[in-house]
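Work through the exercises below with the sequence and the model side by side. Try each task before reading its solution.

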Amino acid sequence: MSGVMSSLSTPGNVVVSRRAVTEAAWLRGLLIALALAFLGVFLVVPLVLVFQEAFSKGWQAYLAALTEPDAWHAVKLTLIAAGLAVPLNVVFGVAAAWSLTKFHFRGKQVLITLIDLPFAVSPVIAGLIYVLVFGSRGWLGPWLEEHNLSIIYAVPGIVLATVFVTFPFVARELIPLMQEQGVSQEEAALTLGASGWQTFRRVTLPSIKWGLLYGIILCNARAMGEFGAVSVVSGHIRGKTNTLPLHVEILYNEYQFAAAFAVASMLALLAVVTLVAKSFLEFKHQRDRERAAHAAARQEVS
Amino acid sequence: MSRNRVIPGFGLSLGYATLYTSLIVFIPLAALAASGISLGAETFWAVVSHPQAVASYTLSFGASLVAALINLIFGLLVAWVLVRYTFPGKRIADALVDLPFALPTAVAGIALTALYGRNGWFGQHLESWGFKVAYAPAGIVVALTFIGLPFVVRTVQPVLEGLERELEEAAASLGANRWQTFRRVLLPALVPALLTGFALSFARAVGEYGSVVFISGNMPYRTEITPLLIYSKLEQYDYAGASALGMMMLVFSFVLLLAINGLQYWSLRRRGGG
Amino acid sequence: MSIQVRDLRKTFGHFKALDDVSLTFHSGELVALLGPSGCGKTTLLRIIAGLEYPDSGAVLFSGEDATFTHVRERGVGFVFQHYALFRHMTVFDNVAFGLTVRPRKQRPSREEIAKRVHRLLELVQLDWLADRYPDQLSGGQRQRIALARALAVEPRVLLLDEPFGALDARVRKDLRGWLRRLHDELHITSIFVTHDQEEAMEVADRIVLINQGRVEQVGTPQEIYNAPASPFVYGFIGDANRLSGHAAGGWAELAGLRVPAPEFGQSEPRPVTGYIRPHDIQLQAGDKGEGVAVRVESVAQVGAALRVGVRIPNGDTALQVELPHHGGHWPFQVGEPVRALPCAARVFARDGAH
C-alpha cells in the first residue's frame with residue numbers, strides 16, 4: 001500500500017531520450033489512452049457522478065440534507081469514532097514498530113502476522129467477532145446486561161469495529177521505515193547522555209514524522225469511511241448509532257437519492273483531500289525511506 | 001534479558017503492543033473460532049454446505065476472480081504507463097489510483113449503482129444492448145474491480161521502477177524486438193509482483209461488503225455474496241450460522257494472507273537477487 | 001583514564017564473538033583493535049562503550065567496575081562507523097545535542113553551548129559548516145562532525161568504530177594523520193577499531209590483534225611487525241611467504257630452504273610451517289653457492305622496490321622476494337637461474353589446528 005510517486009522518484013524524461021528501448025509513438029499513445037480510459041471509467045466518472053447527483057436538486061436541497069439533525073449527529077459520531085480510533089492506533093503503531101524494529105526477540109513474526117490480519121479479514125467478520133464477544137448472546141453479553149452496559153448497537157461497538165479495521169495502518173507504515181533506519185542514531189543519542197524519552201522525542205520522532213503522518217492520513221480516511229464492520233455492530237438507530245456512511249445507506253434505501261449523494265459528497269471530498277495530502281506526504285516519506293535505504297546500503301558495502 | 005538491551009523501552013513497547021493486539025484482534029478472533037467449533041461438526045457442515053451458502057461461495061469467488069483478473073491486466077497497463085511514459089496529468093492520474101483506498105465503500109457502492117442502473121449514464125446504454133449490470137453478477141464484478149484496483153498498480157510500480165534499463169538495452173543489443181524483450185525479459189521479472197497484487201486484490205474482493213450490497217440486489221442464490229449471507233444471518237440472530245460461515249471465511253483469509261506473505265518474500269528476494 | 005577489561009565473554013546465538021578477553025588500556029594512549037571482519041573487535045568496543053553487555057567478565061574504568069553502567073552515564077565518546085549523525089538537525093545542533101540533553105541544572109547556558117560548539121567545530125576545522133545538514137556534507141566532513149559531536153560531552157574515553165572505513169583512499173590517508181595529531185593535542189584515552197593493518201600501524205601507539213574472539217597479540221606496531229607471536233599475526237601483518245617443512249636439531253627445512261629454528265632442538269623431525277618476509281630473502285646471481293637454486297618467473301617494479309617472483313623447481317614452490325631498487329637496470333631477468341637465501345624466518349609447529 002505504500003504507493004510510490006513515480007513522477008517524483010524517477011526524473012521523468014529518461015524515456016524520451018532513449019529511443020532504443022521504448023515503444024513506437026502510436027503504441028505509447030494507445031497504451032496511455034487505454035490506461036486513462038480505464039482510470040476514467042472506474043474512478044473519475046463515479047467520483048464526478050457523486051457530486052453531480054448531490055446537486056441534482058439544487059443548492060438548497062443539498063444544504064438541507066447536510067444540516068438536518070440526523071446528518072449532524074452522524075457527523076459527530078463519525079468524528080468521535082475516528083477521534084478515538086486514530087490516536088489509539090497511533091500509540092499502538094509507534095509502540096509496535098519500536099519493539100519490532102529496535103530489538104530482536106522470539107515470536108516477532110507472529111506479532112507481525114497478527115498485525116496484518118485485520119487487512120485480510122472481511123469487514124463483516126470484523127463486526128461479527130465483536131458481536132460474538134459483547135452481543136447479548138456473546139461471551140460477555142450477560143455480564144454487560146447485568147451491569148447495564150451496552151457495547152453492541154451502541155457507540156462503544158462502533159468505536160471498537162473502527163479500531164479493528166484501521167488497526168494496521170500506522171504500524172504498517174512505521175515498521176519498514178524504522179527497520180531501514182536501524183538503531184545507530186538512537187545509540188548515538190544515548191552515548192551523548194540522552195534519556196530514553198529524549199532519544200525518542202528528539203531523534204526518533206523527527207525522523208519518522210512523515211511516515212507517521214502518512215499512516216495517520218490513511219488510518220483516518222478508513223476510520224471515517226468504514227461501512228461494513230460498523231454496519232454490523234451499529235443497529236442502525238437513526239440519530240443515535242449512525243455514522244456518515246450508514247446515514248448514506250439509510251437515505252439511499254429510503255429513495256432520498258439527492259440527500260444520500262449530498263452526504264456522500266462530503267465523504268468523497270474527504271477522500272479527495274486525503275489523496276492530495278497523501279501525495280504530498282508520499283514525497284516526504286519516500287525521501288526519508290530512500291535516505292535510510294541509502295544509509296543501509298552503505299553499511300552493507302563495507 | 002533486560003540487562004542486554006541498551007536501548008530503552010523494550011518491555012513497555014512490546015508489552016503494550018502485545019496487550020493491545022490481543023484485546024483488539026486476537027481474543028475476538030478466538031471468540032469466532034470458539035463459537036464455530038462449539039457448533040459441532042454436524043451443524044457446522046449443515047450450515048456451510050447449505051445450497052444457499054454454496055451459491056454464495058461460487059458467486060463471491062467467481063466474481064472476485066474475474067475482478068482480480070481485470071485488475072491484473074489493467075493494473076499492469078496503468079503501472080507501465082505511469083512508470084514509463086510522460087504525459088500531461090500524470091501526477092493526478094497517479095494520485096487518483098489510490099481513490100478506492102480513500103473513498104468510503106458505501107459511497108462507491110451508491111455511485112456505481114447509479115451509474116450502471118437502468119437510468120444511469122452507463123446503465124441505459126448497456127441495458128439497451130442487452131447487458132444488465134446493476135442487480136446482476138456483472139455489477140458485483142464492477143464493484144470488486146473498483147475496490148481492488150490499486151493493489152496490482154501499487155505492487156508492480158516499484159518493481160518496474162527498480163528494473164535496470166540495461167536489461168532492456170542488453171536484450172535489444174542481442175537482437176530482441178520490443179515485444180520479445182517485454183515477454184522474455186520484463187514480464188518474468190514482474191511475475192512475483194503481479195501475483196502478489198493479484199492475490200491482494202482477490203483477498204480484498206472476497207471480503208468486500210460495502211460497495212457490493214448496493215449494486216448486487218442481494219437475491220439469495222443469485223446475487224448474494226458470502227459476507228452478505230453472514231450479515232443477514234446475524235440480523236436474524238442466527239449466531240451459529242454466522243459463526244460457521246465466518247470461520248470458513250477467516251480460515252480462507254488466513255491461508256491467503258500466508259500465501260501473500262510468501263509471495264512478497266519471493267518478490268523481495270527476486271528483487272534483491274536481480 | 002585507564003580502562004581494563006577482564007575475562008570478557010560474549011556470544012550471539014552459537015557464535016562466540018568474544019572468548020575470554022583481558023586487556024589494559026593505559027591513560028592517554030591511542031590503541032587500535034585490529035583483526036579480520038567478524039573477529040569480535042567491534043563487539044569489544046561496544047562493550048567498553050556500554051552499547052552491549054558481556055555475558056561474563058568485567059569492564060573497569062580507572063579501576064572502578066563499570067560493566068553494567070548504562071551508556072548514558074559512562075562518559076564515553078563514540079564515533080559510529082557510519083557516523084549516525086542526526087539527519088534532521090544542523091551540524092551545530094548535532095554537536096550541541098549532548099549538551100542540550102543534560103538535566104536543566106547541569107546544562108550550560110545557551111551562549112556557553114554556542115561557544116563550546118564553535119570551539120569544537122574550529123578544532124575539527126569545519127566551523128563554516130555549522131548551518132548545514134549532514135546530507136550536504138562529504139564523507140570526510142561527516143566523520144569530523146561525528147568526532148566533534150562525541151567530544152562535546154567531554155568524554156573520558158574516545159571510542160571509534162572503523163573511523164575511516166567508509167571513506168575513499170585519499171581522504172582516509174589525510175584523516176589518519178589528522179586523527180593522530182588531534183590525539184596528541186587532546187591526550188584522551190582513545191580506542192579505535194580497524195581491519196586495515198596499515199591504518200593501525202600508522203596511527204596507533206599500541207595494537208591489539210584479535211582473531212576469532214581471542215587476543216592474538218598486543219604490542220607496539222614495531223613489536224608486532226618484527227616479532228609476530230603466531231602464524232595468524234604473521235599472515236595478517238605485512239606480506240609473508242608461507243612454507244611447510246620439517247624441523248629438528250635447531251634447524252628447519254622449508255621446501256629446500258634451510259633456516260634456523262632454535263625452538264625445535266629435538267632430534268625427531270616435526271612438521272612445521274615457516275614464514276619468511278619477502279624482504280628477508282636475498283637473491284644471488286648464478287647457480288652455485290649458498291641457498292637454494294630457483295628460477296625467476298616475474299619481475300616488477302613497485303615504487304622503490306623490485307618484486308621478484310621465483311620458483312623452487314623440485315618442490316614446485318613459489319616465493320615472493322622484495323629487493324630495494326633505485327632505478328637503472330633490473331639485476332635479474334625472467335627465466336634466469338638464481339639462488340635464494342633467507343636471512344630471517346619464523347617457524348611454528350604445525351599441529352591440527354593450523
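The exercises that follow go from one chain to its domains and then to the interfaces.

This is a predicted model, in which local features need pLDDT of at least 70, side-chain atom pairs count only at pLDDT 80 or more, and totals for chains, interfaces and linings use all residues. Residues are numbered from 1 along each chain as its sequence is written, chains are lettered from A and ligands numbered from 1 in the order in which they are written, and side-chain values use heavy atoms, with hydrogens and water left out.

**Exercise 1. Describe the build of chain B.**

Step 1. Count the elements. Chain B has 13 helices and zero strands; helices (H or I, at least four residues) and strands (E, at least two) are DSSP runs, numbered from the N terminus.

Step 2. Take the extent. The C-alpha trace of chain B spans about 75 × 65 × 30 Å along its principal axes.

Step 3. Check burial. Of the 274 residues in chain B, 57% count as buried, where buried means under 20% relative accessible area, exposed over 50%, and partly exposed in between (1.4 Å probe, protein chains only).

Step 4. Look at sequence separation. Among the contacts in chain B with a separation of 6 or more, 77% come from residues 24 or more positions apart; contact means heavy atoms within 4.5 Å.

**Exercise 2. Find how chain B is divided into domains, and describe what joins them.**

Step 1. Set the bounds. Domain 1 of chain B covers 1-37 and domain 2 covers 41-273; such bounds come from an automatic or database domain assignment.

Step 2. Place the centres. Taken over C-alpha atoms, the centres of domain 1 and domain 2 of chain B are separated by 31 Å.

Step 3. Describe the interface. Six residues of domain 1 of chain B are in contact with five residues of domain 2 of chain B. These two domains bury about 460 Å² between them, 78% of it on carbon and sulfur atoms; buried area is the accessible area (1.4 Å probe) that two parts lose on being put together, summed over both.

Step 4. Class the residues. The side of domain 1 of chain B that touches domain 2 of chain B has four nonpolar, two polar and no charged residues. Here Ala, Val, Leu, Ile, Met, Phe, Trp, Tyr, Cys and Pro count as nonpolar, Asp, Glu, Lys and Arg as charged, and the others, Gly among them, as polar.

**Exercise 3. Do the same for the domains of chain C.**

Step 1. The assignment for chain C gives domain 1 (3-236) and domain 2 (241-349), with C-alpha centres 41 Å apart.

Step 2. About 690 Å² is buried between domain 1 and domain 2 of chain C, 56% of it on carbon and sulfur atoms. In domain 1 of chain C, the residues that lose the most area to domain 2 are C:Y225, C:P231 and C:Y234, together 80% of what that side buries.

Step 3. Between these domains of chain C the rule finds zero salt bridges; a salt bridge is a side-chain nitrogen of Lys or Arg within 4 Å of a carboxyl oxygen of Asp or Glu.

**Exercise 4. Describe the interface of chain B and chain A.**

Step 1. Contact involves 96 residues of chain B and 101 residues of chain A. The area buried between these chains is about 9,000 Å², of which carbon and sulfur atoms give 77%.

Step 2. Two salt bridges are counted between chain B and chain A. B:R178 forms a salt bridge with A:E23, with the closest N and O atoms 2.5 Å apart.

Step 3. Helix α1 (residues 10-37) of chain B gives the largest share of the side that touches chain A, 18 residues. By class, that side of chain B has 68 nonpolar, 16 polar and 12 charged residues.

**Exercise 5. Describe the interface of chain C and chain B.**

Step 1. The contact takes eight residues from chain C and four residues from chain B, and about 510 Å² is buried between the two chains.

Step 2. C:Y53, C:F68 and C:H70 lose the most area to chain B in chain C, together 65% of what that side buries.

Step 3. The count of salt bridges between chain C and chain B is zero.

**Exercise 6. Why is helix α3 of chain C largely enclosed by the rest of the structure?**

Step 1. Seven of the 10 residues of helix α3 (residues 91-100) of chain C are buried, so this helix is largely enclosed. The buried residues include C:V91, C:F97 and C:L99.

Step 2. The cover over the buried residues of α3(C) includes α11 (184-191) and α12 (196-225) of chain A, together with α4 (110-123) and α5 (139-152) of chain C.
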